[in-house]
Amino acid sequence: MAAAGIVEVVGRAERNKRDKRARLIAAARELFRIKGFEQTTTSEIAERADVGKGTLFFHARSKDELLVMVFQEDMGRTINRAFATVPKAPLLDQAMHVFEAMLRQDRRELELARIFVKELAFVKGDHHGIDGVTEKFFSRMSVLIERAQHRGEIKASVDPWMLAYNLFALHFSFLVVWLGTGLRTPDPSKPSMRQMLELQLLGLLESPPEVRPSSRNARLLEVTKWQASK
């Protein structure tokens with residue numbers, strides 16, 4: 001009975017800790033969305049979460065770390081779901097399945113997406129939460145690339161992890177350009193995410209097909225072919 005009582009107390013304490021953490025993340029998310037990152041204070045977050053300042057600093061040592069926690073929960077969950085539902089398809093379509101899920105999340109939480117892009121690259125302190133999300137992306141995308149190599153779709157000489165890194169960098173670049181326009185959806189006059197991925201993957205195909213490039217990429221491909229012939 002004594003052991004059971006201890007287990008019950010420990011279980012209740014752990015649930016209480018998880019509940020307070022969840023409330024802090026929810027409060028930070030809401031205030032960042034409404035007031036912006038710079039204007040939000042840790043005192044306001046603690047008050048909205050109905051916890052003491054000491055409890056807040058137990059879970060996060062700074063506002064930066066709270067932002068990381070929000071990113072880790074929101075985008076981490078999105079990436080997990082996207083990779084869990086990847087279709088049986090060429091690598092380009094599989095990558096687009098993942099990136100489209102990430103972009104849908106950004107459209108749903110546009111203000112937070114802008115804050116993430118602006119603030120997360122320069123957060124002070126522990127980057128573990130950000131690294132955990134990106135490393136998970138690199139690992140899972142690498143698996144898709146390796147499978148594409150086994151299918152004879154992508155050159156065997158390509159480093160899967162490096163290509164996964166490049167694809168994520170393209171996504172981030174696309175995000176910066178889009179969010180910098182102030183539009184709620186990507187600017188149709190700019191290259192799409194799919195067009196950027198197509199151009200990245202074109203030279204890595206084991207047997208590049210005779211494709212008709214999009215009008216935006218046509219001139220760039222012509223220049224690439226001209227340079228190769230010199």
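Helices are DSSP runs of H or I that hold at least four residues, and strands are runs of E with at least two. The exercises below concern a predicted model.

**Exercise 1.** Determine how many helices and strands the protein chain contains, and in what order the elements run.

*Solution.* Counting the runs gives ten helices and zero strands. Read from the N terminus, the order is therefore α-α-α-α-α-α-α-α-α-α.

**Exercise 2.** Establish whether Arg29 is buried or exposed, and identify the side chain with which Arg29 shares a polar contact.

*Solution.* Begin with the location: Arg29 lies in helix α1 (residues 2–35). Next, consider accessibility. The relative accessibility of Arg29 is 14%, and a residue counts as buried under 20%; Arg29 is therefore buried. Finally, examine the surroundings. The side chains of Arg29 and Asp74 are joined by a polar contact of 2.7 Å. Beyond its neighbours within four places in sequence, Arg29 also touches other residues, including Val70, Glu109 and Leu112.

**Exercise 3.** Classify the aromatic pair of Phe138 and Tyr165, and state which helices the pair links.

*Solution.* The count of aromatic pairs comes to ten. In the pair of Phe138 and Tyr165, the ring centres are 5.4 Å apart and the planes form an angle of 40°. Planes under 30 degrees apart count as stacked and those over 60 as edge-to-face, so this pair is tilted. Phe138 belongs to helix α7 (residues 128–150) and Tyr165 to helix α8 (residues 160–181), 27 residues apart. Phe138 is buried at 6% relative accessible area, whereas Tyr165 is partly exposed at 42%. Both rings belong to a cluster linked by ring pairs, with Phe83 and Trp161 among the other members.

Definitions and conventions:
Residues are numbered from 1 along each chain as its sequence is written. This is a predicted model: local features need pLDDT of at least 70, side-chain atom pairs count only at pLDDT 80 or more; totals for chains, interfaces and linings use all residues. Side-chain values use heavy atoms; hydrogens and water are left out. Buried means under 20% relative accessible area, exposed over 50%, partly exposed in between (1.4 Å probe, protein chains only). A polar contact is a pair of N or O atoms within 3.5 Å; within protein, one must be able to donate a hydrogen and the other to accept it, and residues adjacent in sequence count only if both atoms are side-chain atoms. Contact means heavy atoms within 4.5 Å. Rings of Phe, Tyr and Trp (its six-membered ring) pair if their centres lie within 6.5 Å; planes under 30 degrees apart count as stacked, over 60 as edge-to-face and the rest as tilted.
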